[in-house]
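Work through the exercises below with the sequence and the coordinates open. Each task is followed by its solution in steps.

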Amino acid sequence: MCSSLLGFSLLIKGSRTARRSFEFGKTHVVRPKGKHQATIVWLHGLGDNGLSSSQLLESLPLPNIKWICPTAPTRPVAILGGFPCTAWFDVGELSEEGPDDWEGLDASAAHIANLLSTEPADVKVGIGGFSMGAATAIYSATCFAMGRYSNGIPYPLNIRAVVGLSGWLPGSRSLRNKIEVSHESRRRAASLPILLCHGICDDVVLYKYGEKSAQALSSAGFRYITFKSYDGLGHYTVPREMDEVCNWLSSRLGLDGTS
């Protein structure tokens with residue numbers, strides 16, 4: 001599996017792959033077991049798929065949430081030496097100096113927005129994910145704040161919550177400057193709750209990247225950042241972390257748990 005290659009491949013600084021269009025894979029949906037109050041798109045990690053996300057989420061005690069679990073396009077990934085893998089964007093290295101694949105990020109963020117565009121007006125929408133999926137969810141949060149994608153196209157959604165597990169913030173170096181220039185961007189950033197969780201023993205996406213991402217978002221004006229760290233946790237999820245996600249989402253989205 002691609003994800004098993006990632007830890008080793010972080011040592012490799014791969015070259016950027018050629019730009020081309022990619023087809024997104026199958027989307028899996030977990031219907032709410034109770035009254036539909038919120039819809040969340042959940043994004044898998046590198047080399048995974050939407051089916052495995054849906055299997056994790058359908059067991060959570062959140063009867064009022066509809067989960068949409070898309071599958072990323074299969075594309076050559078530089079960090080894996082060009083090996084084709086399901087990936088939301090191309091990544092060559094995890095570092096503050098590493099290049100960001102804005103085209104890939106915008107394509108995935110637009111695909112997510114499209115999946116949420118037909119939800120009823122009274123249903124709150126959010127985005128979450130694990131690892132690279134978390135990075136894409138956090139990137140979507142910055143698009144919401146700025147009111148546009150990196151390519152300048154307007155961002156159409158009113159996101160109400162973002163969750164990132166074992167992820168990082170793409171474009172962290174320039175985020176503050178992009179948001180400070182606009183009163184509306186500052187207002188949107190200040191209104192959006194974000195939950196970030198990271199294992200201290202993560203050897204794939206190092207803990208320091210999660211911590212720095214939370215700091216960068218906070219300094220850019222995102223006031224409702226919750227950052228949770230977990231002793232002994234590597235690059236995976238555990239029940240106590242998912243319990244935290246459930247409690248946070250119920251509180252932030254005002255879910256009443258009714259059927």
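Ser 166 lies in the loop between strand S7 (159-165) and H5. The model is a predicted one.

**Exercise 1. Describe the backbone and the surroundings of Ser 166.**

Step 1. The phi of Ser 166 is positive, about 55°, although the residue is not a glycine.

Step 2. Buried means under 20% relative accessible area. Ser 166 has 0% relative accessibility, so Ser 166 counts as buried.

Step 3. Neighbours within four places in sequence are left aside. Ser 166 is then in contact with Phe 130, Ser 131, Cys 197, His 198, Asp 202, Val 205, Gly 234, His 235 and Tyr 236.

Step 4. One of these contacts, Ser 131, also has a positive phi without being a glycine, at about 60°. Ser 131 is found in the loop between strand S6 (124-130) and H4. With a relative accessible area of 3%, Ser 131 is buried.

**Exercise 2. Check the length of helix H7 (residues 207-219) against its expected span, then place the helix in the fold.**

Step 1. Helix H7 has 13 residues, and at 1.5 Å a residue it should span 18 Å. The expected span is 1.5 Å times one less than the number of residues.

Step 2. The end C-alpha atoms of H7 are 19 Å apart, which agrees with the expected span.

Step 3. The buried residues of H7 are Tyr 207, Tyr 209, Gly 210, Ser 213, Ala 214, Ala 216 and Leu 217. These buried residues pack against two helices, H4 (132-146) and H5 (172-180), and two strands, S8 (194-199) and S9 (225-230).

Step 4. After H7 comes Gly 221, with a positive phi near 115°.

**Exercise 3. How many aromatic pairs are there, and which class does the pair of Tyr 207 and Phe 227 belong to?**

Step 1. The count comes to six aromatic pairs.

Step 2. In the pair of Tyr 207 and Phe 227, the ring centres are 5.8 Å apart and the planes are at 50°. Planes under 30 degrees apart count as stacked, over 60 as edge-to-face and the rest as tilted, so this pair is tilted.

Step 3. Tyr 207 belongs to helix H7 and Phe 227 to strand S9, 20 residues apart, and the pair links distant parts of the chain.

Step 4. Tyr 207 counts as buried because its relative accessibility is 18%. Phe 227, at 26%, counts as partly exposed.

**Exercise 4. Which residues line the second largest cavity, and what lies over the face of Trp 102?**

Step 1. The structure holds four cavities of 30 Å³ or more. The second largest has a volume of about 50 Å³.

Step 2. Its lining consists of Trp 102, Tyr 139, Thr 142, Met 146, Ser 150, Pro 170, Gly 171, Ser 174, Leu 175 and Lys 178. H4 and H5 each supply at least two residues of this lining.

Step 3. Two of the lining residues are Trp 102 and Lys 178. Lys 178 lies over the face of Trp 102, at 4.6 Å from the ring centre.

**Exercise 5. Give the overall figures for the protein: secondary structure, burial and contact range.**

Step 1. The secondary structure comes to eight helices and nine strands.

Step 2. Of the 259 residues, 54% are buried.

Step 3. Among contacts with a separation of 6 or more, 78% come from residues 24 or more positions apart.

Key
Residues are numbered from 1 along each chain as its sequence is written. This is a predicted model: local features need pLDDT of at least 70, side-chain atom pairs count only at pLDDT 80 or more; totals for chains, interfaces and linings use all residues. Side-chain values use heavy atoms; hydrogens and water are left out. Helices (H or I, at least four residues) and strands (E, at least two) are DSSP runs, numbered from the N terminus. Buried means under 20% relative accessible area, exposed over 50%, partly exposed in between (1.4 Å probe, protein chains only). Contact means heavy atoms within 4.5 Å. Rings of Phe, Tyr and Trp (its six-membered ring) pair if their centres lie within 6.5 Å; planes under 30 degrees apart count as stacked, over 60 as edge-to-face and the rest as tilted. A charge sits over a ring if NZ of Lys or CZ of Arg is within 6 Å of the ring centre and within 35 degrees of the ring normal. On a 1 Å grid over the protein atoms alone, a cavity is a set of points where a 1.4 Å probe fits but cannot get out, and a pocket is an open set with protein on both sides within 12 Å along at least five of seven lines; lining residues have an atom within 4 Å of a point. Grid points are joined across faces, edges and corners, and a volume is the space filled by probe spheres set on the points.
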